[in-house]
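Thanks for coming. I will go through one structure this morning, starting in the middle of it and working outwards.

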Amino acid sequence: MSKLNIGIILGSTRQGRLSPQVGEWVKKIADQRGDANYEIVDIADYKLPLLGEADASEQAAAWNAKLASLDGFVFIVQEYNHSITGALKNALDYARDAWNNKAAGIVSYGSVGGARAAEHLRGILGELSVADVRIHPALSLFTDFENLMDQEKETVFKPADLHLVNLNGMLDQVLAWSGALKTLR
């Protein structure tokens with residue numbers, strides 16, 4: 001049986017975002033496992049305008065083709081005003097069938113570990129027929145990032161080792177569910 005393809009979706013597009021650092025950490029750990037093909041999928045690369053405001057047929061086709069090529073997802077979600085970013089919600093809305101019958105894990109971060117954003121995302125994923133898994137690495141802005149409040153220094157992601165247990169557990173669940181759901185597609 002061929003390996004599953006899992007996309008690590010970066011959920012922010014803003015300047016100075018931290019999601020690329022978190023995504024690279026997830027990919028590094030995931031690649032060491034050797035149990036699937038993992039790739040970072042940056043929504044910023046697709047330049048999706050607000051849904052319905054411009055003709056985005058080319059961008060939407062490319063976005064949907066990328067999603068269709070994946071068997072499951074790991075969302076890197078940062079909390080903005082107790083929810084997910086507008087850019088991530090917009091990207092979720094640009095696809096429908098490409099999400100269906102796939103599994104997803106969530107790695108979140110924020111002042112309370114991004115828990116509120118993760119919970120909002122779970123509701124949206126349910127509507128898109130994506131099965132979200134239970135284990136959820138929740139990263140703290142206060143303990144897992146250095147220099148966050150010092151604007152003269154670059155913020156550096158330095159996760160506590162304890163997050164490895166949850167990350168690997170989440171990846172185990174994403175792979176199990178992605179494999180099972182592949183039989184429905």
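I start with Leu-92. Setting aside neighbours within four places in sequence, Leu-92 is in contact with Phe-75, Ile-84, Trp-99, Leu-121, Ile-124, Leu-125 and Leu-128. Contact here means heavy atoms within 4.5 Å.

Before going further, a word on the source: this is a predicted model, in which local features need pLDDT of at least 70 and side-chain atom pairs count only at pLDDT 80 or more, while totals for chains, interfaces and linings use all residues. Residues are numbered from 1 along each chain as its sequence is written, and side-chain values use heavy atoms, with hydrogens and water left out.

Back to Leu-92, and to the core. A nonpolar core is a set of buried Ala, Val, Leu, Ile, Met, Phe, Trp, Tyr and Cys residues joined through side-chain atoms within 4.5 Å. Buried means under 20% relative accessible area, exposed means over 50%, and partly exposed is in between, with a 1.4 Å probe and protein chains only. The largest nonpolar core has 30 residues, and those touching the most other members are Ile-9, Trp-63, Phe-75, Leu-88, Leu-92, Trp-99 and Leu-121. Two or more residues come from each of helix H2 (57-68), strand S3, helix H3 (86-93), strand S4 (102-110) and helix H4 (115-127). The element giving the most is H4, with five residues. For the labels, helices (H or I, at least four residues) and strands (E, at least two) are DSSP runs, numbered from the N terminus. Another core, of 26 residues, lies apart from this one, and among its members are Ala-36, Val-74, Phe-145 and Leu-167. As background, nonpolar side chains in soluble globular proteins tend to be buried together.

Two of the partners of Leu-92 deserve their own slide. Ile-84 sits in the loop between S3 and H3. Is Ile-84 buried or exposed? Ile-84 counts as buried, because its relative accessibility is 8%. Beyond its neighbours within four places, Ile-84 is in contact with Val-77, Gln-78, Lys-89, Leu-92, Ala-117, Leu-121 and Ile-124. Along the sequence, Ile-84 and Leu-121 are 37 residues apart, yet their C-alpha atoms are 6.8 Å apart in space.

The second partner, Ile-124, belongs to helix H4. Ile-124 has a relative accessible area of 18%, so it is buried. Once neighbours within four places are left out, its contacts are Ile-84, Lys-89 and Leu-92. From Ile-124 to Lys-89 the separation is 35 residues in sequence and 8.5 Å between C-alpha atoms.

Ile-84 also touches Gln-78, so that is the next stop, because Gln-78 is buried too, at 4% relative accessible area. Gln-78 is in strand S3 (residues 72-78). What does the side chain of Gln-78 reach? It reaches the backbone oxygen of Gly-11, at 2.9 Å. A polar contact of 3.0 Å also joins the side chains of Gln-78 and Tyr-109. A polar contact is a pair of N or O atoms within 3.5 Å; within protein, one must be able to donate a hydrogen and the other to accept it, and residues adjacent in sequence count only if both atoms are side-chain atoms.

The loop that holds Ile-84 also holds His-82, between S3 and H3. The phi of His-82 is near 70 degrees, a positive value in a residue other than glycine. His-82 is partly exposed, with a relative accessible area of 44%. Asn-101, in the loop between H3 and S4, is not a glycine either and has a positive phi of about 55 degrees. Asn-101 is partly exposed, at 28%.

Now Gly-110, in strand S4. With 3% relative accessibility, Gly-110 counts as buried. Its contacts, leaving aside neighbours within four places, are Leu-139, Ser-140 and Leu-141. The C-alpha atoms of Gly-110 and Leu-141 are separated by 5.3 Å, although the two residues are 31 apart along the chain.

Last, a helix pair. In H1 the residues Trp-25, Val-26, Ile-29, Ala-30 and Arg-33 meet His-163, Leu-164, Leu-167, Asn-168, Leu-171, Asp-172 and Leu-175 in H5. These residues divide into eight nonpolar, two polar and two charged. In that count, Ala, Val, Leu, Ile, Met, Phe, Trp, Tyr, Cys and Pro are nonpolar, Asp, Glu, Lys and Arg are charged, and the others, Gly among them, are polar. On the H5 side, His-163 is buried, with a relative accessible area of 6%.

That is the tour; I will take questions.
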